[in-house]
Amino acid sequence: MKIKLHEISVRDVVDGYIDSAENGVVGYGGKLNIRPAFQREFIYKDKQRDEVVRTIRKDFPLNVMYWVKSDNGGFELLDGQQRTISICQYVQGDFSIDHMAFHNLTKTEQEQILNYPLMIYICEGTDKEKLDWFKIINIAGEQLTTQELRNAIYTGEWLTEAKKYFSKTHCPAYQIAGDYLSGSAIRQNYLETALKWIAARDGIEIEDYMSKHQHDTNCNDLWLYFQTVINWVKATFPAYRKKLMQGLEWGIFYNKYHTNSYDPKSLEKRIVALLDDEDISNQKGIYEYLLDGQERHLNIRAFSPKMARTAYERQKGICPKCKKHFEIEEMQADHITPWSKGGKTTAENCQMLCADCNRRKSNT
């Protein structure tokens, strides 16, 4: 890879700056692609953004940036997107610092910013060399997420289309499923979640799915699948509860259980009853429990050591199943009437079974 250092003024970088949801972000007279497919959305907080401009106004050195020369004679911004957009937004009047926008500055102050030399390394090399370098130079910066690194590898028209649906602020995925997803669209959490679900459907890894579809011209398979998952969730559990439902693996549930028949009204009645059950330690597990019937999702409240000791003394150390004597350390507390049949985690409903008998009971 060839790398050469250049000094390029803020004036030249800001020239022709456009930030368009449809056409991306460009600058440098339209020749610099500021947000290529592998780049993240703008994530700087106000303080970070302001410090970039303050650094320039004080004529302090700003960290070097990296551009890559494209085959068409233009450039792609390899590293420094956040700083570049911060600078361009300030000059264009998108924000102010200390109540002073760019147009409020004196002509001398404006010229000082516009003439400030940005240190740019312009690189030439193969796609693999560029992407390898991208991963290396970002280690010390705003840490890339796993999905952002995947995006750097599997670039193409498919990824560009997928990011329109899953990676923009108030993107379509946010509009229909923001209440059910955790994380941030612009940090690629929504895209990663959708890919995790659809890859699991196909029995493959996310990387395998992205590799398979990298050169597709659209992401219809992913977007239609995602909509189907969310519609299934909303139809099956129409009463939304944010604290319980946000961030669950709905796509994984859909893959496993969507062919089963469920009555939403009956499910809702059971949810209300389960939420009122003090023995349930993990209420977020209620939904998967209703889908597969496995009590382990609920983390049923365990008997206290005092309850266990009381039951052990009452039984005089005898396991009621095999009729053998055991030390308390060799026995396990168990519900006499199972929780699933209305038994509660109380001293009266506690019995001590030897480990073998308890295991056999659990397997029946």
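**Figure 1. The two faces of strand β3 in this predicted model.** One face of β3 is covered and carries Val25 and Gly27, while Gly24 and Val26 sit on the uncovered face. That fits a general pattern: in a regular strand, side chains alternate between the two faces of the sheet. On one flank, β3 (residues 24-27) runs antiparallel to β2, with 3 bridges between them. Look for aspartate 19, which stands opposite valine 25 of β3, and for isoleucine 18, whose bridge partner in β3 is valine 26. β3 also pairs with β4 (residues 32-33), again in the antiparallel sense, over 2 bridges. Here valine 26 stands opposite asparagine 33 of β4. The β3-β4 hairpin has 4 residues between its strands, and tyrosine 28 in that hairpin takes a positive phi near 55 degrees.

**Figure 2. The open sheet, and a helix lying on it.** Zoom out a little and you get 7 strands in the order β1-β7-β5-β6-β4-β3-β2, with mixed pairing. The edge positions go to β1 (2-9) and β2 (18-20); each has a single partner strand, so one side of each has no neighbour in the sheet. Helix α3 (residues 81-91) packs on this sheet and touches β5 (65-69), β6 (75-79) and β7 (117-124). The direction of α3 makes about 115 degrees with that of β6.

**Figure 3. Helix α10 and what covers its buried residues.** In α10 (residues 206-213), the buried residues are Ile206, Tyr209, Met210 and His213. They span an arc of only 95 degrees around the axis, which puts them on the same side of α10. Their cover includes α6 (146-153), α7 (157-166), α9 (189-202) and α11 (220-236).

**Figure 4. Glutamine 147, a buried polar residue in helix α6.** Buried or exposed, what is glutamine 147? It is buried, at 1% relative accessibility. The side chain of glutamine 147 makes a polar contact of 2.7 Å with that of arginine 150. Leaving out residues up to four places away in sequence, glutamine 147 touches Gln188, Leu191, Glu192, Leu195, Ile206 and Met210. Two of these names should ring a bell from the previous view: Ile206 and Met210 are among the buried residues of α10.

**Figure 5. Aromatic pairs that involve helix α11.** The structure holds 21 aromatic pairs. In one of them, the rings of phenylalanine 166 and tryptophan 223 have centres 5.7 Å apart and planes at 75 degrees, so the pair counts as edge-to-face. Phenylalanine 166 belongs to α7 and tryptophan 223 to α11, so this pair ties together parts that are 57 residues apart in sequence. Both phenylalanine 166 and tryptophan 223 are buried. Tyrosine 225 and tyrosine 254 make another edge-to-face pair, 6.1 Å centre to centre with 75 degrees between the planes. Since tyrosine 225 lies in α11 and tyrosine 254 in α13 (residues 250-257), the pair ties together parts that are 29 residues apart in sequence. These two tyrosines, 225 and 254, are buried as well.

**Figure 6. Tyrosine 225 and its surroundings.** Staying with helix α11, the close-up centres on tyrosine 225, which is buried with a relative accessible area of 6%. Which residues does tyrosine 225 touch, not counting those up to four places away in sequence? The list is Ala194, Trp197, Ile198, Arg201, Asn220, Gly251, Tyr254 and Asn255. For a sense of scale, tyrosine 225 and lysine 163 are 62 residues apart in sequence and 15 Å apart in space, C-alpha to C-alpha.

**Figure 7. An aromatic cluster of tyrosine, phenylalanine and tryptophan residues.** Tyr180, Phe237, Tyr240, Trp250, Phe253 and Tyr287 form one aromatic cluster. Trp250 and Phe253 fall within α13 (residues 250-257), the helix that also holds tyrosine 254.

**Figure 8. Helix α16 and its buried face.** Met307, Ala308, Ala311, Tyr312 and Gln315 are the buried residues of α16 (residues 305-315). Seen down the helix axis, they fall within an arc of 135 degrees, so they line one face of α16. That buried set packs against β8 (331-335) and β9 (350-354). Pro305 and Lys306, on the other side of α16, are exposed. Just after the helix comes lysine 316, with a positive phi near 55 degrees.

Key
Residues are numbered from 1 along each chain as its sequence is written. This is a predicted model: local features need pLDDT of at least 70, side-chain atom pairs count only at pLDDT 80 or more; totals for chains, interfaces and linings use all residues. Side-chain values use heavy atoms; hydrogens and water are left out. Buried means under 20% relative accessible area, exposed over 50%, partly exposed in between (1.4 Å probe, protein chains only). The arc is that of the directions from the helix axis to the C-beta atoms. Contact means heavy atoms within 4.5 Å. Two strands pair if DSSP finds at least two bridges between them. Axes are lines fitted to C-alpha atoms, for helices over the stretch in contact, and angles run from 0 to 180 degrees between N-to-C directions. A polar contact is a pair of N or O atoms within 3.5 Å; within protein, one must be able to donate a hydrogen and the other to accept it, and residues adjacent in sequence count only if both atoms are side-chain atoms. Rings of Phe, Tyr and Trp (its six-membered ring) pair if their centres lie within 6.5 Å; planes under 30 degrees apart count as stacked, over 60 as edge-to-face and the rest as tilted.
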